[in-house]
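Please examine the structure shown here and consider how its helices are arranged relative to one another. The explanation that follows proceeds from one pair of helices to the next.

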Amino acid sequence: MSIQTCTTFLHEILSSTELRQQMKAVTDTREIIELGRKYGYIFDMQDLIAASSSFNQESAPHQPPPTEQKPAFYHYEYDMEQIRGFEEIVKELENLKIKPPTVDMERYEQSFRTDDFQFLSLSPADPAFEGRYKEIMQAHWEPSAEAHEFSRRDFHLVNLDQHINHPGYEAYLEAKTRMISLLEAFFGCEIRFSGSMWYPPFAYRLWHTNESQAGWRMYLIDFDTPSGGGRSFFRYMNPENKEIVTLEERPKIARFFKIEQAKEKLFWHCIANASMRNRWSFGFIVPDNWLERFPQQDNPI
Ligand SMILES: [Fe+2]
């Protein structure tokens, strides 16, 4: 019966601007269940899976027209405080930088592995890479019965959107929804969150390609202190010449890069917050022509 409730909720989303905006701000199925509950629709994960599959068949998703292939640009970075029109976005970012009290920080710290952290230094082009990658990913592909939030070896960080049972969640979702509206006003088109991550001290995201979701991403990155106690960096491999590029990070970066799916164009990248600071990273799916909508007077860093 709650499959029907869930289906009704999914239809409700289509007819409500308020709900549609909130749906663009959520990235985890737990958030959808929580959002349904808020609007009086009670369903669980199984209901959502069943309802979504039939719902997706009846309402074909909107596919943007294919864009012309342009020469590859791998990466752009801006100081978001220098972007004209980003003032409110920078202010709203403060409301997203939360540390949910439901995160088990002791377990987080215990899950740190020096050997995995060192994997950040191995190039994806190295012959030893593939075997090591497969071994690390095993915990994700075949989770054990005792799996917990920090069992994933490639993902030593906190996915904020998986923490819905804390007093600050509602205000956080409101802030995410306002952020969507601000970004849509800036870019002049639909924007969606792709992920909201908190990197506590010594967090890392090992080498990955994000290949399941092709297209341009924007990440808004910030810290709680300007500097201190180590370094944080974003590292990628240039798909053409296999060169490893390491970019040291500082507060308030707006970073753009393109995710490709063809094997020879995969954008291998990784992130480390090897510092005592807290780092936050909010990802968004942005249109292919985002650069045209970006004020030309702002120079990339
Ligand atoms: Fe990524």
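In this predicted model, helix H5 (residues 87-96) and helix H9 (residues 169-187) have axes that come within 9 Å and cross at roughly 160°. An angle over 145 degrees counts as roughly antiparallel, and H5 is therefore roughly antiparallel to H9. On the side of H5, the contact is made by Glu88, Ile89, Glu92, Asn95 and Leu96. H9 contributes Tyr172, Ala175, Lys176, Arg178, Met179, Leu182, Leu183 and Phe186. By character, the residues of this contact between H5 and H9 comprise eight nonpolar, one polar and four charged. The crossing in which H5 passes H9 is left-handed.

H9 also meets helix H2 (residues 17-25), and the axes of H2 and H9 come within 8 Å and cross at roughly 100°. Because angles of 65 to 115 degrees count as roughly perpendicular, H2 and H9 are roughly perpendicular to each other. Here Gln21, Gln22, Lys24 and Ala25 of H2 meet Leu173, Lys176, Thr177, Ile180 and Ser181 of H9. The contact of H2 with H9 contains three nonpolar, four polar and two charged residues.

A single helix may be examined in a similar manner. Helix H8 (residues 129-141) has 13 residues, which at 1.5 Å a residue should span 18 Å. The end C-alpha atoms of H8 are 18 Å apart, so the expected and computed spans agree. H8 nevertheless bends by about 25° at Glu135.

Definitions and conventions. Residues numbered from 1 in each chain as written. Predicted model: local features only at pLDDT ≥ 70, side-chain atom pairs only at ≥ 80, totals over all residues. Helix = DSSP H or I, 4+ residues; strand = E, 2+ residues; numbered from the N terminus. Expected span 1.5 Å × (residues − 1). Bend = angle between axes of the 7 residues up to and from the residue. Axes fitted to C-alpha atoms, helices over the stretch in contact; angles between N-to-C directions. Parallel < 35°, antiparallel > 145°, perpendicular 65-115°, else oblique. Left-handed = near helix turned anticlockwise from the far one by under 90°. Contact = placed C-beta atoms within 7 Å. Nonpolar A, V, L, I, M, F, W, Y, C, P; charged D, E, K, R; others polar.
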